[in-house]
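Me: I am in my first year and would like to take a close look at one part of a protein model, with its surroundings explained step by step. Here is the structure I have in mind.

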Amino acid sequence: MATDPPSDTSDDTPPPSPREEGLLGRTTDAVTGALTDAAAGVGSLIGGVAGGVAGLAEGVAGRVVRSVDELGETTLRLGVTGLARSGKTVFTTALVDHLLRPDRLRGLAAVAEGRYRAAVLRPQPDDDTPRFDFEAHRDAISAGTWPRPTRRLSQLRVSIRYTPKSFWARQLGDTRTLNLDIVDYPGEWLSDLGLLAMDYAAWCRAVWPLLEANDPAAAEWQALTRATDPAGPQDEALARRLAGGFRAWIVGAAADDWAVRRIAPGRFHDPGDLAGSPLLTFAPLRPDAGEPGRETLWRLMERRFDSYKRYVHTQFFKAQFARLDRQIVLVDLPGLVAQEGAGLGAFTALLDDVLRCFRYGRAPWPWSLVSRRIDRVAFAATKADLVPSDQHDRMTGFLDALLFAGMNRARFDRAAVRTLALAALRTTSEQTVRRDGAAHLCLRGRPEGEAEEVLHHPGSFPAGPDHLGDAAQFRPLAFAPPATLGGGRALPHARLDHALEQLIGDALT
Ligand SMILES: Nc1nc2c(ncn2[C@@H]2O[C@H](COP(=O)(O)OP(=O)(O)OP(=O)(O)O)[C@@H](O)[C@H]2O)c(=O)[nH]1
Ligand SMILES: [Mg+2]
């Protein structure tokens, strides 16, 4: 499927002339030397502004019958699913900002058709959950910085008032309200969903091969773990040493390893109020020691592992994820590819573990009133502004291949699925640079931690997971939010409106 052009391509940042050394220093071989052309202002900014709703491949016809409260309002719970640093907080902030200020949502049919009236923030449904600090995140972005990594769960409700599509509704001036509930959480917690399917023995078997590689930073703990007899007594001091060493390992040197993240209990990263509790005082033991007796260390660890899973199930999964209506799955493809494919298999396995926890499809009426399932999903390659738009087709093709199994299950269960390359916040504009008769689309933006803009070409995005031999040719640069985002204007994005149309467009008809 061809990728739609980025829908929001207006460039409102007056481009200062690019810094020469920046261009030379960051441009890959393909365009090295293009500096003079670029400085002379060759080329144009991003081409191809998309209008309207392009290429909605799938659709579930008719209005959604979801939870309709006593005021006749419809409520949808949107799950933003993504591992750590995939872009959840930035996406949620940008999405809320655009709903409140829809000038750049031309790809949302209700906006394009003039039926979108306005949106407001309303009190969230769960009083025991902190509110998503939209204003602080929006301020951070407007000030040219990124929000901090998320440390706790939070929630927000946006209520959208719109005119239904039907002729009579329009004639009678009928309006309806859609409540959209969104939750933000630390990405590390997501790997816990994969753990829910394992018992303690299976978990130890999954961890053990990872200990074969000696990690100098965790040598003492690794030696202690190998030497510990699972059939030994329930020694609390030993349990604490093992758990402490395990935690240091998963948050330390091994933190960037996707295989380690797959087995890492999420709350070990930032235990908060759970610090020191038995719930977090467990660690893997040798899985090949035979059937352990009743009062052994193994049984102690097993009991705590089960308690941890129970906690995750009730506090996180059941409370937040079991009743989702819509889902967007965010994958930081530029970041993943920049690691040259290291651990790509483990990454895919981890995300697949997570996706298996969700229920997709549509229950037939009247069960649809009580049984909630995810019936529309968007799979998004995030940070698409770090890749020139003439390579966005490659990004979506890559994502299709990477997550084929999960997408296929959702499609089989009759959910409407769409893949797109998305920038929740577009940090770059584009400029064509000519060299040796060929035109190269380059990115212009301000690198993180720097004051001036540069012109940059990241190289070629690999055609798919099987082409990671080419990954060395792709070197994305981390850009900061443009310094000109204040002033009450909508944030620049790419295809956020197309994602919204996929996720809630049918609920605004
Ligand atoms: N260029 C670009 N970078 C982005 C975008 N969204 C996120 N990023 C980058 O990715 C980083 C992580 O984004 P977050 O939204 O904080 O990611 P998260 O999934 O909430 O991460 P956790 O809270 O750690 O789970 C940001 O600090 C930015 O550096 C985007 O749309 N464009
Ligand atoms: Mg976050």
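Is tryptophan 249 buried or exposed?

Reply: This is a predicted model, and in it tryptophan 249 is buried, because 24 other C-beta atoms lie within 10 Å, where 20 or more are needed for a residue to count as buried. Tryptophan 249 belongs to helix H10, which covers residues 236–251. If we leave aside the neighbours within four places in sequence, tryptophan 249 is in contact with Asp215, Ala218, Trp221 and Ala254. Between tryptophan 249 and alanine 219 there are 9.4 Å from C-alpha to C-alpha, although the two are 30 residues apart in sequence.

Helix H10 also leads us to another residue. Isoleucine 250 has its C-alpha atom 7.8 Å from that of histidine 269, and the two are 19 residues apart along the chain. Histidine 269 is part of the loop between helix H11 (258–263) and H12, and histidine 269 counts as buried because it has 21 C-beta neighbours inside 10 Å. Not counting residues up to four places away in sequence, histidine 269 touches Glu188 and Val251.

Helix H12 (residues 297–321) brings us to the interior, since it gives nine residues, the largest share, to the largest nonpolar core. That core has 113 residues, and Ala380 and Leu422 are those with the most contacts inside it. Both domain 1 (1–184 + 325–509) and domain 2 (192–317) contribute residues to this core, so the core lies between them. Apart from this core lies another one, of five residues, including Val433, Cys442, Leu443 and Val454. In soluble globular proteins, nonpolar side chains tend to be buried together. For alanine 380, the residues touched, not counting those up to four places away in sequence, are Ile328, Val329, Leu330, Leu420, Leu422 and Ala499.

It also helps to set these details against the whole chain. The protein chain has 509 residues, of which 45% are buried, and it holds 17 helices and eleven strands. Among contacts between residues at least 6 apart in sequence, 78% join residues at least 24 apart.

Ligand 1 is surrounded by 24 residues, with Lys88, Thr89, Trp146, Thr150 and Gly187 the closest. By class, this shell is made up of twelve nonpolar, eight polar and four charged residues, and helix H3 (residues 88–100) gives the most to it, with three residues.

The loop between strand E2 (74–82) and H3 holds arginine 85, which has a positive phi of about 70° although it is not a glycine. Most residues other than glycine have a negative phi. Arginine 85 is partly exposed, because 15 other C-beta atoms lie within 10 Å. Arginine 495, in the loop between strand E11 (454–456) and helix H17 (496–504), also has a positive phi, near 60°, but arginine 495 is buried, with 29 other C-beta atoms within 10 Å.

A last word concerns confidence. The mean pLDDT of the protein chain is 85, and 84% of its residues reach 70 or more. Over residues 9–65, however, the pLDDT is below 50, even though this stretch has 114 contacts in the model beyond near neighbours in sequence. Where pLDDT is low, the predicted coordinates should not be read in detail.

Notes:
Residues numbered from 1 in each chain as written. Chains lettered and ligands numbered in written order. Predicted model: local features only at pLDDT ≥ 70, side-chain atom pairs only at ≥ 80, totals over all residues. Near = placed C-beta within 6 Å. Helix = DSSP H or I, 4+ residues; strand = E, 2+ residues; numbered from the N terminus. Nonpolar A, V, L, I, M, F, W, Y, C, P; charged D, E, K, R; others polar. pLDDT = per-residue confidence, 0-100. Contact = placed C-beta atoms within 7 Å. Buried ≥ 20, exposed ≤ 12 C-beta atoms within 10 Å, placed from the backbone. Core = buried A, V, L, I, M, F, W, Y, C linked by C-beta atoms within 7 Å. Domains from an automatic or database assignment.
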